[in-house]
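Me: I'm new to this one and would like to learn how to read it. Could you take me through it, feature by feature?

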Amino acid sequence: MEAPIREMRLTMRVLRYWRDIAGKRPFPRVTDLDARELGEDWQNCLLIKLRSPLERSFLSYIGSGLVVPGGPTEGTALAECPPETILARATSYVSRVLAQRVPVSMGGSAAQQSGVVLYRSILAPLSEDGRTIDTVLGAANYREVQFTEEEHPV
Amino acid sequence: MLTFEIRKYVGGRWLLDSVFDDKAVAVAEAKQLMERNTSLPGVRVVAVAEEAAGSFREWTVFRQMIVDDEQALQRAFQLRYEPAPAPSPRRDRDTEFPRTQRPPRRRSRPDWLDYTGWGLCAGVLLGAVVIGLVLLTRVS
C-alpha cells in the first residue's frame, strides 16, 4: 500500500489538521490540539488568546521556529509585537478571521533579524463552545531572500 | 486587495470555507477538499477584489461539482455504448404539418418500375386474347 503524499506547504498541513480535529463542528477546541500529532510543525505554530478589545489579545504559545531573540515572548500582547516582524505580520489579520469565521492564509514579506524574509502564514479559529471564537491557531514559515542591485535595478 | 475564497456547497447553499491570498494554493486546496470529502457535492474558488470605493467585485476562478462529473460520465457512456435514438417520421409529419396540409407521401418505388410492370401485364393479357381468338377461329 502506498503512503499518502506529504503536503509540501506547512500552512496546508496545519489547515488539514485543523479540519481533521474539527470534524463536523464549525471550530475545534484548544484542548483538541495535540502537539505530537502536529510533529515538527508545532515548532512553527502559535496560539493567540483573544481578548476584548482585540489589541489586548496575546500570544499564549510561540513555537521555537518563530521565536526571535529579543522579540515577542509568550504573554506578549498583539499590539506590542514590533511591526514588520514575522509575528506581527502573521497575526495582523486576526480581525479577518474573527469576521469571516474561517481559516485565512496570507503571505508576504517581513523583516527578520537576518534581513528580509518571505513568509506564508495561516490563522484558524478555535472555540470552546462551538460559537464564540476564543483562541486562534496560527502557523508560519519563512525563507530569507537576498536582494541585489542586479536583481532589482533602480 | 485580491483574495481567493473557497466556498463549499452544503445543504443547498454555498458556505465560505477558507480564504487565501494565492490563487494556485486556493485551487489546489479546493481540489483536495473534494477528494478528501466524498460527500461534498461541490466547491468553487471565488476571487474577491476590494475596490477603491469600499465595494467588492467577485468572480469564480474554479468550480468542481460531483453533478458535473456524473453528467460527463453518463454522456460518455451514452456515446460509447448506447445507439442514438432513431428519429420518428410520424413526429415530424404530425408536428410540422396540419392534417390537411400534409406533404405528398413519398413513394417507396420508382415510377419506371410501376410503368414496366403495368406494361408487362397488359402485354400478357393482350397475348392471351390474341391466342384465344386464333384458337377460336381454328376450332370454328
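Me: Let's start small. Which residues does A:Gly75 touch, not counting residues up to four places away in sequence?

Reply: First, some housekeeping. This is a predicted model, where local features need pLDDT of at least 70, side-chain atom pairs count only at pLDDT 80 or more, and totals for chains, interfaces and linings use all residues. Residues are numbered from 1 along each chain as its sequence is written, while chains are lettered from A and ligands numbered from 1 in the order in which they are written. Now, two residues are in contact if their C-beta atoms, placed from the backbone, lie within 7 Å. By that test, A:Gly75 touches A:Phe58 and A:Leu59.

Me: Where is A:Gly75 found?

Reply: Helices (H or I, at least four residues) and strands (E, at least two) are DSSP runs, numbered from the N terminus. A:Gly75 sits in the loop between β2 and α3 (86-90) of chain A. Its C-alpha atom is 25 Å from that of A:Ser109, 34 residues apart along the chain.

Me: Does A:Gly75 count as buried or exposed?

Reply: You count neighbours. A residue is buried if 20 or more other C-beta atoms lie within 10 Å of its own, exposed if 12 or fewer, and partly exposed in between, with C-beta atoms placed from the backbone. A:Gly75 has 11 such neighbours, so it counts as exposed.

Me: And which residues have the most contacts inside the largest nonpolar core?

Reply: In soluble globular proteins, nonpolar side chains tend to be buried together. Here a nonpolar core means a set of buried Ala, Val, Leu, Ile, Met, Phe, Trp, Tyr and Cys residues joined through C-beta atoms within 7 Å. The largest one has 43 residues, and A:Val14, A:Ile86 and A:Val136 have the most contacts inside it. Leaving aside neighbours within four places in sequence, the contacts of A:Ile86 include A:Leu66, A:Val117 and A:Tyr142.

Me: On to chain B. What order do its elements run in?

Reply: From the N terminus on, you'll meet β-β-α-β-β-α-α-α. That comes to 4 helices and 4 strands. Of the 140 residues in chain B, 11% are buried.

Me: How many residues of helix α4 (residues 111-139) of chain B are buried?

Reply: The number is 0 out of 29, so α4(B) lies largely in the open. You can check its length too: the expected span of a helix is 1.5 Å times one less than its number of residues. For α4(B) that gives 42 Å, and the end C-alpha atoms are 42 Å apart, which agrees.

Me: How do I read the sheet, and what is its strand order?

Reply: Strands of a sheet pair through backbone hydrogen bonds, either parallel or antiparallel. Two strands count as paired if DSSP finds at least two bridges between them. In this model, an open sheet of 9 strands has mixed pairing and the order β2(A)-β1(A)-β5(A)-β4(A)-β3(A)-β2(B)-β1(B)-β3(B)-β4(B). At the edges stand β2 (58-62) of chain A and β4 (56-65) of chain B, each with a single partner strand, so one side of each has no neighbour in the sheet.

Me: Which strands join up where the chains meet?

Reply: Strand β3 (residues 104-112) of chain A and β2(B) pair in the parallel sense over 2 bridges. There, A:Ser105 stands opposite B:Phe20.

Me: What about β1(B) and β2(B), how many bridges join them?

Reply: They run antiparallel, with 7 bridges. B:Val10 stands opposite B:Arg13, and B:Lys8 has B:Leu15 as its bridge partner. The two strands form a hairpin with 2 residues between them, and B:Gly11 in the turn has a positive phi of about 60°.

Me: Last one: how many residues of chain B are in contact with chain A?

Reply: 9 residues of chain B contact 9 residues of chain A. On chain B, β2 (13-20) and α1 (23-36) each supply at least two residues of the side that touches chain A, and β2(B) gives the most, with 5 residues. For the chemistry, Ala, Val, Leu, Ile, Met, Phe, Trp, Tyr, Cys and Pro count as nonpolar, Asp, Glu, Lys and Arg as charged, and the others, Gly among them, as polar. The side of chain B that touches chain A divides into 4 nonpolar, 1 polar and 4 charged residues.
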